[in-house]
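Colleague: Could you walk me through this model and show how each label is earned? I would like to hear the reasoning as well as the verdicts.

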Amino acid sequence: MKKLFQGEEIVHGAKILGDMMKKSASTVVLTGAGMDTESNIPDFRGKNGLWRNMNPMLVASIDNFYNNYDEFHDYYTTRIKRLEDVKPHEGHYILADFEKRGIIKSIATQNVSGLHHMAGSNSVYELHGNIKRAVCNSCRREASLDDFLNKQKCQHCGDLLRPAVVLFGEALPRDMWSLAEKDIKNCDLLIVIGTSLEVYPVNQFPRMARGRIALINNEDLSYGREFDIKLIGRAKEVLQELSRNV
Ligand code: APR
């Protein structure tokens, strides 16, 4: 059976994936930065990615937080300010509608933008945290984003504040990980949207899926496990086509 659909073939590929979704008793979605680029948030490793001219391991790392707080703070201030008037695009709303209609069970996301929640999705596992929230690095109490932006210290313990995101060199939030792992291990279908699958440990999920796996991405990916179907195109337009078939 043909597995890769692009260009005009997306119409046919979306029919096949739509049928797989209708037959699936439990469908889970895994999203990455490619889900947000059509909301004007650059991805990391795509052609205009954020990491094209900087090394994430250096900038967005816990080491950089400790050793160069000013650079760390500047980098996240830029990213937070860039998100101020960012909105979900139609693809986010389609996924929220799929949840409402019981077509998908949950979304595990690597994105920290909060756009899935803003579009109305409820069952969302933010595996890398949320950049719109700030916490104290020591006592982990929530702080206001403005306090972080103004370089205020924690009101409870006096330590430095940071966005509530997972930095390179840190573990993922255990609760989010186990919720996503349980859903993905037990799903009939995992749909992977807009991720290079280059970052561990989230890139392990597609090989952990019990059921079939589908890719929606604007570039083809070679991955340790064969995708059952690949729709190579922009997330919004593929999801629009898919929504005509479920
Ligand atoms: N539609 C479909 N795919 C897209 C689109 C789009 N509109 N725009 C970009 N893509 C694809 C890119 O071609 C690339 O394959 O989405 C993928 C994005 O990959 P990355 O930039 O590596 O983003 P992601 O996989 O989410 O990165 C994982 O790395 O830097 C860390 O914490 C950061 O969560 C991030 C993690």
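Modeller: Gladly! Let me begin with a cut-off: buried means under 20% relative accessible area, and exposed means over 50%. Please keep in mind that this is a predicted model.

Colleague: Then why is Val86 called buried?

Modeller: The relative accessible area of Val86 is 7%, and the limit is 20%, so Val86 is buried. Val86 sits in the loop between α4 (69–82) and α5 (90–100). Outside its sequence neighbours up to four places away, Val86 touches Ser39, Ile41, Leu115 and Met118. With Ser39 the C-alpha to C-alpha distance is 6.3 Å, although 47 residues separate the two in sequence.

Colleague: What makes Asn40 exposed or buried?

Modeller: Asn40 has a relative accessible area of 64%, and exposed means over 50%, so Asn40 is exposed. Its place is the loop between β2 (27–31) and α2 (56–59).

Colleague: What is notable about phi of Asn40?

Modeller: Phi of Asn40 is near 65°, a positive value in a residue other than glycine. Most residues other than glycine have a negative phi, which is why a positive one gets a mention. Leu197 also has a positive phi, near 55°. Leu197 is in the loop between β8 and α9.

Colleague: How do you know whether Leu197 is buried or exposed?

Modeller: Its relative accessibility is 9%, under the 20% cut-off, so Leu197 counts as buried.

Colleague: And what is special about the peptide bond from Tyr200 to Pro201?

Modeller: That bond is cis, with omega near 0°. Most peptide bonds are trans, so a cis bond is worth pointing out. Pro201 lies in the loop between β8 (189–193) and α9 (205–208).

Colleague: Let us turn to Arg162. Why is Arg162 called buried?

Modeller: Arg162 has a relative accessibility of 0%, and buried means under 20%, so the label follows. Arg162 belongs to strand β7 (residues 161–165). Beyond its neighbours within four places in sequence, the contacts of Arg162 include Ile62, Phe65, Phe72, Val135, Asn137, Phe148 and Glu170. The C-alpha atoms of Arg162 and Val135 are 5.6 Å apart, with their positions 27 residues apart along the chain.

Colleague: What makes the pair Arg162 and Asn137 a polar contact?

Modeller: The side chains of Arg162 and Asn137 are joined at 2.9 Å, and a polar contact needs N or O atoms within 3.5 Å. The pair therefore meets that cut-off.

Colleague: How do you know that Glu38 and the backbone nitrogen of Lys236 qualify too?

Modeller: A polar atom in the Glu38 side chain is 3.1 Å from the backbone nitrogen of Lys236, and the limit is 3.5 Å. Glu38 is in the loop between β2 and α2. Apart from its neighbours within four places in sequence, Glu38 is in contact with His89, Arg234, Ala235, Lys236 and Glu237.

Colleague: Why is Asn245 called buried?

Modeller: Asn245 comes out at 13% relative accessibility, and the cut-off is 20%, so Asn245 counts as buried. Asn245 is in the segment after α10 (235–243). Leaving out residues up to four places away in sequence, Asn245 touches Ala14, Lys15, Gly18 and Lys22.

Colleague: Which domains make up the protein chain?

Modeller: The chain is divided into domain 1 (1–41 + 88–128 + 172–246) and domain 2 (42–82 + 129–165). Their C-alpha centres lie 27 Å apart, and 17 residues of domain 1 are in contact with 12 residues of domain 2.

Colleague: What makes up the shell around the ligand?

Modeller: By class, the shell has 6 nonpolar, 12 polar and 5 charged residues. Both domain 1 and domain 2 supply at least three residues each. Of the 23 residues around the ligand, Arg45, Thr195, Ser196, Asn218 and Glu219 come nearest.

Colleague: How do you know that Asn218 makes a polar contact with the ligand?

Modeller: An N or O atom in the Asn218 side chain is 2.6 Å from an oxygen atom of the ligand, and the cut-off is 3.5 Å. The protein covers 94% of the 740 Å² of accessible area that the ligand has on its own. Backbone N or O atoms also come within the cut-off of a ligand oxygen: for Gln110 the distance is 3.2 Å, and for Gly194 it is 3.4 Å.

Notes
Residues are numbered from 1 along each chain as its sequence is written. This is a predicted model: local features need pLDDT of at least 70, side-chain atom pairs count only at pLDDT 80 or more; totals for chains, interfaces and linings use all residues. Side-chain values use heavy atoms; hydrogens and water are left out. A residue is near a molecule or strand if one of its heavy atoms lies within 4 Å of it. A polar contact is a pair of N or O atoms within 3.5 Å; within protein, one must be able to donate a hydrogen and the other to accept it, and residues adjacent in sequence count only if both atoms are side-chain atoms. Accessible areas come from the Shrake-Rupley method with a 1.4 Å probe; for residues, only the protein chains shown count as cover. Ala, Val, Leu, Ile, Met, Phe, Trp, Tyr, Cys and Pro count as nonpolar, Asp, Glu, Lys and Arg as charged, and the others, Gly among them, as polar. Domain bounds come from an automatic or database domain assignment. Helices (H or I, at least four residues) and strands (E, at least two) are DSSP runs, numbered from the N terminus. Buried means under 20% relative accessible area, exposed over 50%, partly exposed in between (1.4 Å probe, protein chains only). Contact means heavy atoms within 4.5 Å.
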